[in-house]
Amino acid sequence: MTAWFRRKEKGIQTATEEKKDTPKGLWYKSPTGKIVESEVLAKNFYVSPEDDYHVRIGSKEYFEILFDDNKFRELDAKLTSKDPLKFEDTKKYSERLKAAQKKTGLNDAVRTGFGKSLGQDVVICCMDFNFIGGSMGSVVGEKIARGIDYAIKRKVPFVMISKSGGARMMEAALSLMQLAKTSAKLAQLAEAKLPYISLCTDPTTGGTTASYAMLGDINISEPGALIGFAGPRVVKEATGKDLPDGFQTAEFVKEHGFLDFISHRRDLKKKINLYIDLIQNNPIRKEKASA
């Protein structure tokens, strides 16, 4: 019995490559302390089933949710940022780009897909926060602009999924120019009488909020998402006032008229296509039941 609790041999060593560590990503802990298996989380649209917390996800997951059978054609996939300003702070911008590309497997902070959602063609642009905080640089603006052009050419609806920390400071004025550029393209989309659905996810801030994120025919969000221009700390310091509870949450923003609807992630596909049908005055499509 004692052998169970005492080590018979001393000096036992295990090579690093032979150590059995628990693989990363098997479990997820939500901010409220709820623990859920990653597989269960994925099946539940990346929403914690116990507390309904919407986990931050990227373009890969949103495309899985919105495109039929996850089938789509990616547009302008190889477009990458340059470093025209030769910007350098603690690290060269060119090095930051390479590091972000290696870490995320993405070329920049937005991806564009063209495919069917509930049987209808649609162009979807989706931002990835993992790529330098979802910052909006010249490539982000260009890919969104090209996505809108493609929607106009194909005469299909355009969906924008925003998830951003704001403009990319390493590109300075080039980044800020994307606000006007994308807004002008959306005006062309409106002239073509094509629907634009804007989905604001956690977080949607800075220049993104000040441009395309708030210009949708319908502006929607997921529960609890942070939506605003400047962060709460900056707003408090600028106004000198205490901020109300829930300031800049999707619920607060909706209450004050900046959002039309808040949708649970499991209903996103159905809701987005419902709004598209209503805008185009088409018969309401229904999602086919899975076999």
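## Strand β6 and its partners

Six bridges join β6 to strand β7 (residues 196-204), and the two strands run parallel. The model described here is predicted. Within this pairing, Phe158 of β6 has Tyr196 as its bridge partner in β7. The connection between the two strands passes through helix α5 (residues 172-191), and β6, α5 and β7 together make a right-handed β-α-β unit.

β6 also pairs with strand β5 (residues 120-127), again in the parallel sense, over four bridges. In this pairing Cys125 stands opposite Met160 of β6. A right-handed β-α-β unit is made here too, from β5, helix α4 (residues 138-154) and β6.

## Burial along β6

How many of the residues of β6 are buried? The strand spans residues 158-164, and seven of its seven residues are buried. In a regular strand, side chains alternate between the two faces of the sheet. In β6, Phe158, Met160, Ser162 and Ser164 point one way. Val159, Ile161 and Lys163 point the other way, and these are buried as well.

## Helix α2

Helix α2 is mostly covered, with six of its eight residues buried. The buried positions are Ser59, Glu61, Tyr62, Phe63, Ile65 and Leu66. Strands and a helix contribute to the cover over these residues: it includes β3, β4 (110-117), β5, β6, β7 and α9.

## Salt bridges

The whole structure contains 19 salt bridges. One of them is formed by Asp68 and Lys269, whose closest N and O atoms are 2.7 Å apart. This pair links distant parts of the chain, as the two residues are 201 residues apart. Asp68 lies in the loop between α2 (59-66) and β3 (72-75), and Lys269 lies in helix α9 (residues 268-279). Lys269 has a relative accessible area of 9%, so it counts as buried, the cut-off being under 20%.

Other salt bridges are formed inside single helices. In helix α4, Arg146 and Glu142 are four residues apart, about one turn of the helix, and their side chains meet with an N to O distance of 2.8 Å. Arg146 is partly exposed because its relative accessible area is 33%. Glu142 is likewise partly exposed, at 23%. In helix α7 (residues 232-239), Glu237 and Arg233 have the spacing of four residues, about one turn. Their side chains form a salt bridge at 3.5 Å, N to O. Glu237 and Arg233 are both exposed. Elsewhere, salt bridges with shared partners join Asp76, Glu142, Arg146 and Lys181 into one network.

## A nonpolar surface patch

Which residues form a nonpolar patch on the surface? The patch is made of Leu26, Trp27 and Ile35, which together have about 340 Å² of accessible area. Leu26 is placed in the segment before β1 (27-29). With a relative accessible area of 41%, Leu26 is partly exposed. Residues enter such a patch at over 30% relative accessible area, so Leu26, at 41%, passes that cut-off.

Methods
Residues numbered from 1 in each chain as written. Predicted model: local features only at pLDDT ≥ 70, side-chain atom pairs only at ≥ 80, totals over all residues. Heavy atoms only, no water. Buried < 20%, exposed > 50% of the residue type's maximum accessible area, 1.4 Å probe, protein only. Pairing = 2+ DSSP bridges. Right-handed = clockwise from strand over helix to strand, strands pointing away. Salt bridge = Lys/Arg side-chain N within 4 Å of Asp/Glu carboxyl O. Patch = residues over 30% accessible without salt bridge, like charges linked within 9 Å, V, L, I, M, F, W, Y side chains within 5 Å. Areas by Shrake-Rupley, 256 points an atom, 1.4 Å probe, with all protein chains shown as cover. Contact = heavy atoms within 4.5 Å.
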